[in-house]
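Consider how a chain folds upon itself, and which parts come together in its interior. The following paragraphs lead through one such structure step by step.

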Amino acid sequence: MKVKVYQINPELDRHETLFQGYDSVMKDAGEVDPTIYKTVFDGRLDAQNLEDVFAILNFTHPVGYNGHSLSVSDVVEVDGEGCFFCDSIGFRQLEDFHTLLEEGERIIYFCYLDTEEHLRPIHDAITAMRD
């Protein structure tokens with residue numbers, strides 16, 4: 001099975017959704033925001049379904065896997081089937097995650113230095129600056 005695994009980049013997680021279930025993410029952030037995810041694996045696994053993928057990525061990490069064990073809030077993209085949010089129990093299909101991910105790659109972000117000298121990404125999409 002060909003899969004991609006996406007995990008939240010904590011530096012971009014302004015709503016603190018890392019390791020949160022779907023309902024909590026929706027309550028706190030309003031969406032599963034693909035712009036805060038990074039790809040940690042893109043390859044083939046000896047799996048028949050998402051439960052197999054979960055087991056494989058919790059007990060062994062294949063060559064090229066650069067993330068933590070598959071956990072709640074991670075997203076698995078199954079080639080030809082779509083994207084699935086790893087929830088507290090099972091998976092939820094995300095209808096537009098991949099489309100939004102592709103669009104998010106074209107969004108330009110600006111950073112500014114606040115009074116505490118921390119960089120903060122500004123997540124407002126500037127549509128006038130898109131390709």
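**From the core to the salt bridges**

In this predicted model, the largest nonpolar core has 16 residues. Those with the most contacts inside this core are Val3, Val5, Leu45, Val53, Leu57, Val76 and Val78. The elements that give two or more residues to the core are β1, β2 (37-44), α2 (50-59) and β3. Of these, α2 gives the most, with four residues. A second, separate core of 12 residues includes Tyr6, Ile8, Val75 and Phe97. In soluble globular proteins, nonpolar side chains tend to be buried together.

The chain as a whole may now be considered. Its secondary structure comes to three helices and seven strands, and along the sequence these follow the pattern β-α-β-α-β-β-β-α-β-β. Of the 131 residues in the chain, 35% are buried. Among contacts with a separation of 6 or more, 55% are between residues 24 or more positions apart.

Several of the strands are paired. Strand β1 (residues 2-8) runs antiparallel to β3, and four bridges join the two; Val5 has Val76 as its bridge partner in β3. Leaving aside neighbours within four places in sequence, Val5 is in contact with residues including Lys38, Phe41, Leu57 and Leu70. On its way onward, β3 is also joined to β4 by four bridges, again in an antiparallel arrangement. The hairpin of β3 and β4 has three residues between the strands, and Gly80 takes a positive phi near 85 degrees there. Strand β4 (residues 82-86) is in turn joined by four bridges to the antiparallel strand β5 (residues 91-94). These two strands form a hairpin with four residues between them, where Gly90 in the turn has a positive phi of about 80 degrees.

Strand β3 deserves a closer look. In a regular strand the side chains alternate between the two faces of the sheet. Both faces of β3 are covered: Val75 and Glu77 lie on one side, Val76 and Val78 on the other, and all four are buried.

What is the surrounding of Glu77, a charged residue in strand β3 (residues 75-78)? Glu77 is buried yet has no salt bridge. The nearest side chain of opposite charge, Lys4, is 4.7 Å away, and a salt bridge requires the atoms to be within 4 Å. The side chain of Glu77 does make a polar contact with the side chain of Tyr6, at 2.6 Å. In β4, the bridge partner of Glu77 is Cys83, and Cys83 has Leu94 as its bridge partner in β5. Not counting residues up to four places away in sequence, Glu77 also touches residues including Val3, Gly82 and His98.

Salt bridges do occur elsewhere, and a search of the whole structure finds three. In one of them, the side chains of Asp42 and Lys2 meet at 2.4 Å, N to O. This pair links distant parts of the chain, with Asp42 in strand β2 and Lys2 in strand β1, 40 residues apart. Asp42 counts as partly exposed because its relative accessibility is 44%, and Lys2, at 29%, is likewise partly exposed.

The side chain of Arg92 meets that of Asp23 in a salt bridge of 3.5 Å, N to O. Arg92 lies in strand β5 and Asp23 in helix α1 (residues 22-29), 69 residues apart. Arg92 also forms a salt bridge with Asp87, the closest N and O atoms being 3.0 Å apart. Asp23, Asp87 and Arg92 are thus linked in a network of salt bridges. Within this network, Asp23 is exposed at 53% relative accessibility, Arg92 is partly exposed at 34%, and Asp87 is buried at 12%.

Terms used. Residues numbered from 1 in each chain as written. Predicted model: local features only at pLDDT ≥ 70, side-chain atom pairs only at ≥ 80, totals over all residues. Heavy atoms only, no water. Buried < 20%, exposed > 50% of the residue type's maximum accessible area, 1.4 Å probe, protein only. Lys, Arg positive; Asp, Glu negative; His and termini not counted. Polar contact = N/O pair within 3.5 Å; in protein donor to acceptor, adjacent residues only side chain to side chain. Contact = heavy atoms within 4.5 Å. Pairing = 2+ DSSP bridges. Core = buried A, V, L, I, M, F, W, Y, C linked by side-chain atoms within 4.5 Å.
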